[in-house]
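Thank you all for coming. I would like to walk you through the pockets of this protein, and then say a few words about how far the model can be trusted.

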Amino acid sequence: MNLLCRIALLSLLLTFSNTACSQPLDLDAVLEQLIDSYGGESNLRKLQSQVQEWEMIAVRSHRRGTDIRTIRAPDQLKVELTYPDKTETRIFDGEESYIRFNRGPTKPVVEAQRDAMRLQLMRLYSPLLLRDKRDSLTMTTKGATYLLSLFEHGVSVDYVVNAENWRIEKVVGTLPIKGSTMQFLAEYSDFTMRDGVLIHQREKKYAGGVSTAVLQLREITLDADLKDANFLADGETI
C-alpha cells in the first residue's frame, strides 16, 4: 500500500472514529451516566431525606436572608425563608400545599401557588429520581448539551446537562400563569462532593428573565432523620 493510500485510509478511520464518538447517547445511557457522575445509586439514595441551608441575597431589594429546605423525596418539601423583617414557610405535601407568614396560621394555598411549590420540588429532583420517572421524560440534544424534559401535573421542567462534565448546570421551569406562561431559571455552579454525592453550592435564580436571588450553600445534611413533625411547626395543626 503506497503512502497516499495509507494517508487516505488513516483519514477515513479518524473520521469514522470521531463520528462514532460524537454520536449522542440515548436517554437511558444519559441517566446512567448522570447517576455515576453524581456519586452512584447507593450514594444518591442519601438525597431522599435531606436538609439544605442556604445564605441568600434578594437581588432587587438587596436583602440578605436564609433559605432552609427540608426534602423528603419524592413528594414532600418544606422551604423556610427568613429575612430581617419577615419569615415565610412553604409546605408542599403531595397534592396539598400550605403557606405561613411570620407566626401567623398555616393556610392552604391556591392552585398557582401550589404549582410554584411543585416546581421548587421538581428542581431538586436527583438523577436517581429522574430515572424513576423515565417514562415521563423526553430528551433532545444540541452539541455537548442534553436537555431532559419532564412534565408533571401541569408543570414543565427542563434539566440542562453538560455532557463534558455530566452535571446538571441549569434547570428551567415553566408555569401557566393567567392564560400565559412564565419561565423560572436556576443556574447551578461550584460543584463539590459531599458524603459521596456531587452537589452544587451556588445558585442563581431568574424569573421571566429577571435575576431574583443568589444563594450560597451553608450546610447540607444528607440521609437526614425526618419525621412528619419536620413539615409543620411544633404543636401546630392545619
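Let me begin with the largest pocket of what is, I should say at once, a predicted model: 28 residues line this pocket, and those nearest its centre are Leu 81, Arg 90, Gln 120, Phe 184 and Thr 212. Several elements each give two or more residues to that lining, namely the strands β1 (49-58), β2 (63-72), β3 (76-82), β4 (87-93), β11 (180-194), β12 (197-207) and β13 (210-222), together with the helix α4 (111-122). Of these, α4 gives the most, with six residues. The volume of the largest pocket comes to about 740 Å³, and its lining is made up of 16 nonpolar, eight charged and four polar residues.

Turning now to the second largest pocket, we find a space of about 150 Å³, lined by 14 residues, with Leu 47, Gln 48, Ala 73, Ser 126 and Leu 129 lying nearest the centre. Here the largest share of the lining comes from helix α5, residues 127-132, which gives three residues. As for character, 10 of the lining residues of this second pocket are nonpolar, three are polar and one is charged.

Finally, a word on confidence. The average pLDDT of the protein is 88, and 86% of the residues score at least 70. Over residues 3-10, however, the pLDDT is below 50, and this stretch has two contacts beyond near neighbours in sequence. Residues 12-21 are also below 50, with zero such contacts in the model. Where pLDDT is low, the predicted coordinates should not be read in detail.

Methods. Residues are numbered from 1 along each chain as its sequence is written. This is a predicted model: local features need pLDDT of at least 70, side-chain atom pairs count only at pLDDT 80 or more; totals for chains, interfaces and linings use all residues. Side-chain values use heavy atoms; hydrogens and water are left out. On a 1 Å grid over the protein atoms alone, a cavity is a set of points where a 1.4 Å probe fits but cannot get out, and a pocket is an open set with protein on both sides within 12 Å along at least five of seven lines; lining residues have an atom within 4 Å of a point. Grid points are joined across faces, edges and corners, and a volume is the space filled by probe spheres set on the points. Helices (H or I, at least four residues) and strands (E, at least two) are DSSP runs, numbered from the N terminus. Ala, Val, Leu, Ile, Met, Phe, Trp, Tyr, Cys and Pro count as nonpolar, Asp, Glu, Lys and Arg as charged, and the others, Gly among them, as polar. pLDDT is the predictor's confidence in each residue, from 0 to 100. Contact means heavy atoms within 4.5 Å.
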